[in-house]
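Subject: Structure for your files, with notes on its cavities

Hello,

The structure is below, followed by my notes on the enclosed spaces in it. Please read the notes with the structure open.

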Amino acid sequence: MTTFREAADAGYLKLVALWDKGKAFNPPSDAGGGRFWMAGNTVQVAIDYLVQTQQNDNFGYMADAIAFFADWVKGNDPDPKNWKNNGTWVDDYGWWGIALIKAYENSSVLGYDKDPNLKGKIEKHVKDCWTAMHGAWDPSRVPNDDPKINIVGGINNSIQGVSDKVKLAGRNCVTNEVYWLLSLLMARVMNDKSYLDPATDESAWFTAAINANILSRVDIINGQEDYTNLILERFKGVPNYTDPKVDNLVWTGDQGLFMGASIENVAQNRSDQPGLLAAYNIADSVKQRMTLKNQVLHEELFKIADYRMDYAGGKGVFMRNLQVLNVIDHKESNGQYDPIIKANASAVWNNRLPDQRFRYYWNAELPEPDVAAWKYNKTIVDAVLHASGLSALTAALPWFADQQIQPVAVAGAVGG
């Protein structure tokens, strides 16, 4: 049988092959849209694994990533303050920034301290990413169907989409979550509180939404309101410029990012803002409402086909942030999330495809979608889905690395 560490090691080597020195996502500036941010998220998955296993980046993963990023910059305005205008979804800079600040923070483990030139490029690009997002802050009132809701600020994920009515444009949660988390990480890692600009305070922005009861989904069960603690894709009442199929949407990636930023708030003593209670409430609600009966995460394909690939890695984003919460819980309690972490990692490994890639449906509870369903090149699809599964395996390593992976119970219905 295979241990969790052996499975993660094999999963990482497969990711290196799928990444193919960044070629899987080329060209980085292609109008296909999501390939730029998807590449950044894939980089973070690799970094997370290497840090967790205390390994140098011997395959040059970050060097590939920097080259990929530099190729993208060549085709754009060199001033990151103007990147909001180039048609790229603004949250892309947050995904890249988080991956880069994690690499910078762990440069000694990863071996980047030995190459000052590489580390300098990492530092420059992460600062550029923050500058790009900071410059996209919109101080105006957030549109809302309820005229009594008066929340100002936030970042639109597509500046062009605000006027062009691009589907899913507007001040959604994920764009503001990645800026929130990136700002917190940079303030701590670089010991520079200027990255927590009071004029772009995401903690306060999300707190205002919490106080207005427009951040979390509310279900109606037997005629009664049931507050789920699940973060909506955007605030209730905010126009989404799309069809009703995604109204009231919750995404696993949003749950993970909000948890991660809430935990980082606590690490920086921002006790008046969302903190551990919010993280615990979200984790518990995901476990109750977004899993199969064996605790394996389940998420349907996104309703709009063009964006399915963008949402496909959400479960991995959730699992890597659940790992952070579980570290805290092990100190305060007994690791209440051990079972769900072990169940998901086991499912990823036990249900891998014949070529050793990881599936979208980790428990194989539904037939795996054909590559054409994702609207992207097969190289991108394979890398993104595999990276998401690797995050589940990496999340298991702090506690179960040497344990053997056991078969997972057959999937049941969603919930419970």
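A cavity here is a set of grid points where a 1.4 Å probe fits but cannot get out, and its volume is the space filled by probe spheres set on those points. Please keep in mind that the model is predicted.

On that basis, the second largest cavity holds about 30 Å³ of space. Its lining consists of Trp37, Met38, Asn41, Thr42, Met309 and Val384. Helix α2, residues 35-52, gives the most to this lining, with four residues. Sorted by class, the lining of this second largest cavity has four nonpolar and two polar residues, and no charged ones.

The search covered the whole structure and found two cavities of 30 Å³ or more. In the largest cavity there is about 230 Å³ of space. It is lined by 15 residues, and those closest to its centre are Asp91, Asn172, Val174, Asp310 and Tyr311. Two or more residues of that lining come from each of α4 (91-105) and α12 (308-311). The most come from α4, which gives three.

The lining of the largest cavity has five charged residues, along with eight nonpolar and two polar ones. For the second largest cavity, the count of charged lining residues is none.

Regards

How values were computed: Residues are numbered from 1 along each chain as its sequence is written. This is a predicted model: local features need pLDDT of at least 70, side-chain atom pairs count only at pLDDT 80 or more; totals for chains, interfaces and linings use all residues. Side-chain values use heavy atoms; hydrogens and water are left out. On a 1 Å grid over the protein atoms alone, a cavity is a set of points where a 1.4 Å probe fits but cannot get out, and a pocket is an open set with protein on both sides within 12 Å along at least five of seven lines; lining residues have an atom within 4 Å of a point. Ala, Val, Leu, Ile, Met, Phe, Trp, Tyr, Cys and Pro count as nonpolar, Asp, Glu, Lys and Arg as charged, and the others, Gly among them, as polar.
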